[in-house]
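Reader: Hi! Could you walk me through this one?
Author: Happy to. Here it is.

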Amino acid sequence: MMSKQGAALQTYNNELVKCIEELCSKRDEVNRQVQQEEEEKARLQHDIRVLTEKLSRVNESLARRLASRAELDRTIAETEAAYMKILESSQALLSVLKKETGNLARATDPRGVHKDH
């Protein structure tokens with residue numbers, strides 16, 4: 001009877017040892033996976049920091065360029081408006097000069113004077 005119990009105990013012991021070894025093996029595998037994911041996490045966090053810094057620099061540059069473009073748009077609009085006023089003034093001046101030249105020509109034309117008499 002004792003030897004039967006001893007054999008059973010030995011069998012249980014062997015199975016327990018085998019189970020413990022399997023659990024340790026699984027733990028080692030999970031530990032390896034954890035280490036890989038921690039390394040990937042660290043790489044990703046580094047990449048995020050780098051990209052965040054780049055994004056910040058691009059945003060600052062973009063803001064400066066947008067402000068510059070807005071200033072150029074304003075200057076172009078003001079210049080075009082002033083140029084249109086110059087064109088309008090030139091056209092008005094030309095009309096006045098043509099009218100005055102015509103009046104002077106009639107006033108100084110000796111034939112024009114004889115026609116009136």
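**Overall picture**

Author: Buried residues account for 1% of the 117 residues in the chain. Keep in mind that this is a predicted model.

Reader: Okay, how many helices and strands does the chain have?
Author: There are 2 helices and 0 strands. The chain is more spread out than a compact globule, because its radius of gyration is 49 Å, well over the 13 Å that the globule rule gives for 117 residues.

Reader: And what box do the C-alpha atoms fill?
Author: Along the principal axes, the C-alpha atoms fill a box of roughly 165 × 20 × 10 Å.

Reader: Nice. How about the area the chain exposes, and what do carbon and sulfur atoms supply?
Author: The chain exposes about 11100 Å², and carbon and sulfur atoms supply 60% of that area.

Reader: Switching to charges: how many positive and negative side chains are there?
Author: The chain carries 20 positive and 20 negative side chains, with the centres of the two sets 6 Å apart.

Reader: Which residues form a negative surface patch?
Author: Glu37, Glu38, Glu39 and Glu40 form one. Glu37 sits in helix H1, which covers residues 2–108.

Reader: Is Glu37 buried or exposed?
Author: Glu37 is exposed, because its relative accessible area is 57% and the cut-off for exposed is over 50%.

Reader: Cool. How many salt bridges does the structure hold?
Author: The structure holds 4 salt bridges. One of them joins the side chains of Arg27 and Asp28, at 3.6 Å from N to O. Arg27 counts as exposed at 54% relative accessibility, while Asp28 counts as partly exposed at 45%.

Reader: What does Glu29 form a salt bridge with?
Author: Its partner is Arg32, and the closest N and O atoms are 2.4 Å apart. Glu29 and Arg32 are both in helix H1, 3 residues apart, which is about one turn of the helix. Glu29 is partly exposed at 33% relative accessible area, and Arg32 is partly exposed at 37%.

Reader: And further along, which residue does Glu78 form a salt bridge with?
Author: That is Arg74, where the closest N and O atoms lie 2.5 Å apart. Glu78 and Arg74 are 4 residues apart in helix H1, so about one helical turn separates them. Glu78 is partly exposed, with a relative accessible area of 46%, and Arg74 counts as partly exposed at 38% relative accessibility.

Reader: Which residues are linked with Arg74 in a network of salt bridges?
Author: Glu71 and Glu78 are linked with Arg74 in that network.

Note on methods
Residues numbered from 1 in each chain as written. Predicted model: local features only at pLDDT ≥ 70, side-chain atom pairs only at ≥ 80, totals over all residues. Heavy atoms only, no water. Patch = residues over 30% accessible without salt bridge, like charges linked within 9 Å, V, L, I, M, F, W, Y side chains within 5 Å. Areas by Shrake-Rupley, 256 points an atom, 1.4 Å probe, with all protein chains shown as cover. Lys, Arg positive; Asp, Glu negative; His and termini not counted. Charge placed at Lys NZ, Arg CZ, Asp CG, Glu CD. Buried < 20%, exposed > 50% of the residue type's maximum accessible area, 1.4 Å probe, protein only. Rg over C-alpha atoms; globule rule 2.2 N^0.38 Å.
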